[in-house]
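Here is a walk through one protein fold, written for someone who would rather look than calculate. Keep the viewer open as you read.

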Amino acid sequence: MAEQSCLVTNDWICGEYLRSRSQELTEATVQHIGITAVSVLIGLAVAFPLALLARRGPRFAAPVLGLTTVLYTVPSLAMFSLLLPLFGLSAALVVTGLVLYSLTILVRNILAGLAAVPQEAKDAARGMGYGPGRLLWEVELPLALPAVMAGLRIATVSTVALTTVGSLVGKGGLGNLIEDALPSFFKAQVLAASVLCVVLAVVADLLLLGLQRLLTPWTRISGAAGAAPAKTDAGPPAPATVKAG
C-alpha cells in the first residue's frame with residue numbers, strides 16, 4: 001500500500017507543503033517584511049521629533065509620554081476599528097496602527113539616550129562653538145545611539161509579531177496564512193508561517209545588533225579596555241624588596 005501524503009494525513013512537518021506552496025510562503029514573507037520595515041521607519045521618523053519636544057520640559061513630556069503610553073494599551077482590534085473609517089481595508093491601516101504602537105518604545109528610548117549624554121561632553125562642544133543643531137547631530141545623537149538602537153530592536157521585534165494581526169484586513173503577511181489555516185486546522189501551514197515569523201524576528205534583531213556595533217565602535221573598545229584589568233597573573237607573587245639602611 002502506497003504511503004499517504006503528509007498533506008492528506010495533515011502532519012505538522014510536511015516537506016510536500018513547503019515545496020507546493022513555496023510561492024505563497026514567499027509572497028506572504030515579503031509582505032510581512034515590507035509592512036514591518038515601513039512601520040518601523042515611519043515610527044522612528046515620528047518618534048524623533050516627539051522625543052525632542054518631550055525633553056524640552058515636563059510641560060511637554062507629560063502629554064507626549066502619556067499619549068504614546070495610552071496608544072500602546074489600546075487592543076489591536078480596537079485600534080484597527082478606530083482607524084478603519086480613515087484608511088479603509090488597506091495596508092495603510094495596518095502600517096498606521098503599527099506606527100502608533102511603536103511610539104511608546106521609541107520615544108522613551110530616544111529620551112533615555114539623550115538624557116544619558118554626559119554634561120561635560122555637551123559643555124565642551126558648546127565651548128568649541130557648537131550651536132544647538134550641530135550639538136544634537138554631532139555630539140548628542142552619536143552618544144545616544146546605543147539606547148536608540150536598543151529601542152529600535154525592541155520595536156522591530158514587537159512589530160514583526162504585531163504585523164500578523166493585520167490579517168484581520170487581509171494585510172498581515174504571514175498572519176494571513178495562519179488565519180486561513182486555523183478553520184481547517186491545516187497544521188503544516190500554521191507551523192510553517194509561525195516558524196517564519198520567529199525567524200524574521202530573530203534575523204531582524206541580529207541585523208540591527210550588527211548595525212549597532214558598526215555604528216558604535218567605541219562601545220566595543222571601552223568594553224575591552226574595562227575588561228583588561230580583570231585578568232591577573234596566576235604565577236607566584238614577586239618577592240618583596242628590602243631597602244638597605
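The buried residues of helix α4 are Ala 61, Val 64, Thr 68 and Leu 71, where buried means under 20% relative accessible area, exposed over 50% and partly exposed in between (1.4 Å probe, protein chains only). They cover an arc of only 115° around the axis, which puts them on the same side of α4; the arc is that of the directions from the helix axis to the C-beta atoms. Over on the other side of α4, Pro 58, Arg 59, Ala 62 and Thr 73 are exposed. The buried set packs against α3 (22–54), α5 and α6, with contact meaning heavy atoms within 4.5 Å.

A quick word on what you're looking at: this is a predicted model, in which local features need pLDDT of at least 70 and side-chain atom pairs count only at pLDDT 80 or more, while totals for chains, interfaces and linings use all residues. Residues are numbered from 1 along each chain as its sequence is written, and side-chain values use heavy atoms, with hydrogens and water left out.

Does the length of α4 fit or clash with 1.5 Å a residue? Its 16 residues should span 22 Å, and the end C-alpha atoms are 22 Å apart, which agrees. (The expected span is 1.5 Å times one less than the number of residues.)

Now for α5 (residues 76–87). Its buried residues are Met 79, Phe 80 and Leu 83. Seen down the axis of α5, these fall within an arc of 90°, so they line one face of the helix. Leu 77, Leu 82 and Pro 85 are exposed on the other side. The buried residues of α5 pack against α4 (58–73) and α6 (91–115). After α5 comes Gly 88, with a positive phi near 70°.

Stepping back, the protein has 11 helices and zero strands; helices (H or I, at least four residues) and strands (E, at least two) are DSSP runs, numbered from the N terminus. Buried residues make up 36% of the 245 residues. Among contacts between residues at least 6 apart in sequence, 72% join residues at least 24 apart. The protein exposes about 14,200 Å², and carbon and sulfur atoms supply 69% of that; these areas come from the Shrake-Rupley method with a 1.4 Å probe.

On to the charges. A search of the whole structure finds five salt bridges, each a side-chain nitrogen of Lys or Arg within 4 Å of a carboxyl oxygen of Asp or Glu. Among them are these:

| Acid | Base | Closest N and O atoms |
|---|---|---|
| Glu 24 | Arg 21 | 3.6 Å |
| Asp 123 | Arg 126 | 3.3 Å |
| Asp 205 | Arg 153 | 2.8 Å |

Asp 205 lies in helix α10 and Arg 153 in helix α8 (residues 132–163), so the pair ties together parts that are 52 residues apart in sequence. Asp 123 and Arg 126, by contrast, are three residues apart in helix α7 (residues 119–127), separated by about one helical turn.

Finally, the surface. Trp 12, Ile 13, Phe 185, Leu 191, Val 195, Val 199, Val 203 and Leu 207 make a nonpolar patch of about 760 Å². Patch members have over 30% relative accessible area and no salt bridge; like charges are joined within 9 Å, nonpolar side chains (Val, Leu, Ile, Met, Phe, Trp, Tyr) within 5 Å. Phe 185 lies in the loop between α9 (174–181) and α10, and its phi is near 50°, a positive value in a residue other than glycine. Val 195 lies in α10 (residues 187–215) and is partly exposed, at 42% relative accessibility.
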